[in-house]
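I opened the notebook to record what I looked up in this model, starting from a single residue and working outward to the whole chain.

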Amino acid sequence: MTHTPPEFVTGLQCLVCGHLYPYGNVLTCPGCGIQGILDVQYDYNAIAARLNAARLKSRSFDHWRYLELLPVSPGLSFPHLHVGWTPVYDVPCLARNLGIAKLYLKDEGRNPTNSFKDRASSIGVLKAIEFGFDTVACASTGNAASSLAGLSAAVGLKSFIFVPDRAPEPKITQLLIFGATVLKVHGTYEQAFDLCRQACEEFGWYNRNSGTNPFLVEGKKTAGLEIAEQFGKNMPDWVVVSVGDGCTIGGIGKGLQEMKRLGFIDRVPRLLGVQAEGARPIVDAFHTNKDLMPTSTNTLADSIAVGTPRNWRRAIQQIRLSHGEMIAVSDDEILDAMRMTARLGGVFGEPAGVAGVAGLKKAVAQGIVRSNESAVVVITGNGLKDIQSAKQASGQPISVEPELTALKNAIKR
Ligand SMILES: *Cc1c(COP(=O)(O)O)cnc(C)c1O
Ligand SMILES: [Zn+2]
């Protein structure tokens with residue numbers, strides 16, 4: 001079966017050498033190898049004639065409403081799971097705690113497998129079907145995998161998942177319940193990543209690794225498109241995103257730029273990229289203006305524990321384009337942010353999910369973000385995905401005998 005190419009895609013451009021390739025099942029630039037991440041190009045003039053506020057009004061409230069801006073072939077049916085159009089909450093108590101004028105949380109934990117990654121996986125499974133694959137694979141610290149497993153189950157694809165040794169138990173359980181074949185690789189995320197790439201070549205599976213697959217970042221982009229539509233002319237000064245491989249912030253930046261180009265917003269907010277101190281190669285490359293140096297990793301924020309990020313160029317490009325900044329936070333600051341986001345904002349995020357809140361707090365304290373400014377933090381994953389870390393932040397329940405005097409004493413203490 002052959003499918004018509006996506007209507008508005010004009011080609012794929014290498015982020016390193018700038019070469020433009022025709023649309024097709026290519027992963028990275030043949031000339032530049034694994035470093036040569038490709039960026040999907042569109043005919044924005046043609047899109048502008050089709051996509052406007054009036055048209056959007058009548059569309060479904062999920063991320064397929066931006067179809068013209070997605071690399072999706074006409075005629076493919078979308079997975080039935082609801083992806084995108086996640087809520088944005090105004091959280092004044094948390095804003096006060098952080099010391100800024102206005103703060104919003106965009107809760108990506110509301111996606112079908114409870115993380116931001118569903119935006120990418122929903123595109124990934126459609127690309128696999130379009131290109132004629134019946135099996136998909138990915139290497140992941142957890143969320144990309146559980147998301148791919150869930151979306152594959154929804155559309156009837158088989159999935160093989162490579163996870164590193166220390167992926168949190170709840171995420172592995174998600175994989176298994178969705179019927180994925182799970183391979184726990186005795187090694188780092190980087191080793192799992194390489195093994196997955198080799199396996200895809202060997203067995204003819206579709207590789208969902210978002211670091212290198214050009215189409216997946218287009219799914220991540222939809223959060224940027226949504227932020228633009230949800231805030232419109234009242235765009236906050238900053239959009240804060242936690243950073244591992246760099247695809248999420250790079251995608252969100254691209255989405256915001258596109259919405260400015262299409263006239264939905266008149267300015268692109270500044271991007272604040274946040275890494276963990278124990279995995280900060282992109283922060284360092286950003287501040288030294290040098291090529292990225294891979295590092296070892298040591299952080300409880302497993303979803304951003306990436307020592308060899310694949311999409312760092314895209315991340316840095318977009319952050320600079322927005323006149324943004326990057327900052328690193330400690331695990332203690334992340335645990336504190338986990339408590340504060342839950343207690344003052346009512347949103348329970350996993351460590352990488354709330355790292356943005358920790359980064360924003362630090363950026364306010366350092367004067368990078370001013371106290372009269374506003375920000376939206378993308379809470380990238382739900383807190384129940386990593387109970388082990390959540391327990392470190394939450395403390396213990398109070399034990400009590402089943403009678404009132406004991407209760408009174410217990411509460412007093
Ligand atoms: C994957 C992930 C990130 C980081 O996204 P990258 O594209 O790797 O930068 C942040 N938070 C959560 C919860 C994630 O799963
Ligand atoms: Zn190239």
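**Entry on Gly250.** I wanted to know whether Gly250 is buried or exposed. In this predicted model, Gly250 has a relative accessible area of 0%, and because the cut-off for buried is under 20%, I noted Gly250 as buried. I then looked up where Gly250 sits, and found Gly250 in helix H9, which covers residues 247-261. Leaving aside the neighbours within four places in sequence, I found Gly250 in contact with Arg314, Ala315 and Gln318. I also checked Gly250 against Gly224, and the two are 26 residues apart in sequence, with their C-alpha atoms 9.6 Å apart in space.

**Entry on the open sheet.** I next traced the strand order of the open sheet, which has six strands in the order S4-S5-S13-S10-S11-S12, and I wrote down its pairing as mixed. Strand S4 (88-90) and strand S12 (325-329) are the edge strands, since each pairs on one side only. From one strand to the next, I noted a twist that averages 25 degrees. Helix H8 (residues 216-231) packs on this sheet and touches S4, strand S5 (102-107), strand S10 (238-242) and strand S13 (374-379), while the direction of H8 makes about 135 degrees with that of S5.

**Entry on pairing within that sheet.** Going through the pairs, I found S4 and S5 antiparallel, with three bridges between them, and in this pair Val88 has Lys106 of S5 as its bridge partner. S5 and S13, by contrast, run parallel over six bridges, with Leu105 bridged to Val377 in S13. How many residues of S5 are buried? I counted five of its six residues as buried, so I recorded S5 as mostly covered. Towards the other edge, strand S11 (residues 270-276) is joined to S12 by five bridges, and the two run parallel; here I noted Gln275 standing opposite Ala328 in S12.

**Entry on strands S1, S2 and S3.** I moved to the strands at the start of the numbering and asked which strands pair with S1. Strand S1 (residues 9-14) is joined by five bridges to strand S3 (residues 38-42), in the antiparallel sense, and S1 also pairs antiparallel with strand S2 (residues 20-21), over two bridges. Gln13 appears in both pairings, with Asp39 as its bridge partner in S3 and Leu20 as its bridge partner in S2. S1 and S2 form a hairpin with five residues between them, and in the turn I noted Gly18, which has a positive phi of about 80 degrees.

**Entry on the whole protein.** Stepping back, I noted 15 helices and 13 strands for the secondary structure of the protein. The radius of gyration is 21 Å, close to the 22 Å that the globule rule gives for 413 residues, so the protein is as compact as a globular protein of that length. Along the principal axes, the C-alpha atoms fill a box of roughly 75 × 45 × 45 Å. Buried residues make up 58% of the 413 residues, and the protein exposes about 16700 Å², of which carbon and sulfur atoms supply 52%. Finally, among contacts with a separation of 6 or more, I noted that 72% are between residues 24 or more positions apart.

Technical notes: Residues numbered from 1 in each chain as written. Chains lettered and ligands numbered in written order. Predicted model: local features only at pLDDT ≥ 70, side-chain atom pairs only at ≥ 80, totals over all residues. Heavy atoms only, no water. Pairing = 2+ DSSP bridges. Helix = DSSP H or I, 4+ residues; strand = E, 2+ residues; numbered from the N terminus. Axes fitted to C-alpha atoms, helices over the stretch in contact; angles between N-to-C directions. Contact = heavy atoms within 4.5 Å. Rg over C-alpha atoms; globule rule 2.2 N^0.38 Å. Buried < 20%, exposed > 50% of the residue type's maximum accessible area, 1.4 Å probe, protein only. Areas by Shrake-Rupley, 256 points an atom, 1.4 Å probe, with all protein chains shown as cover.
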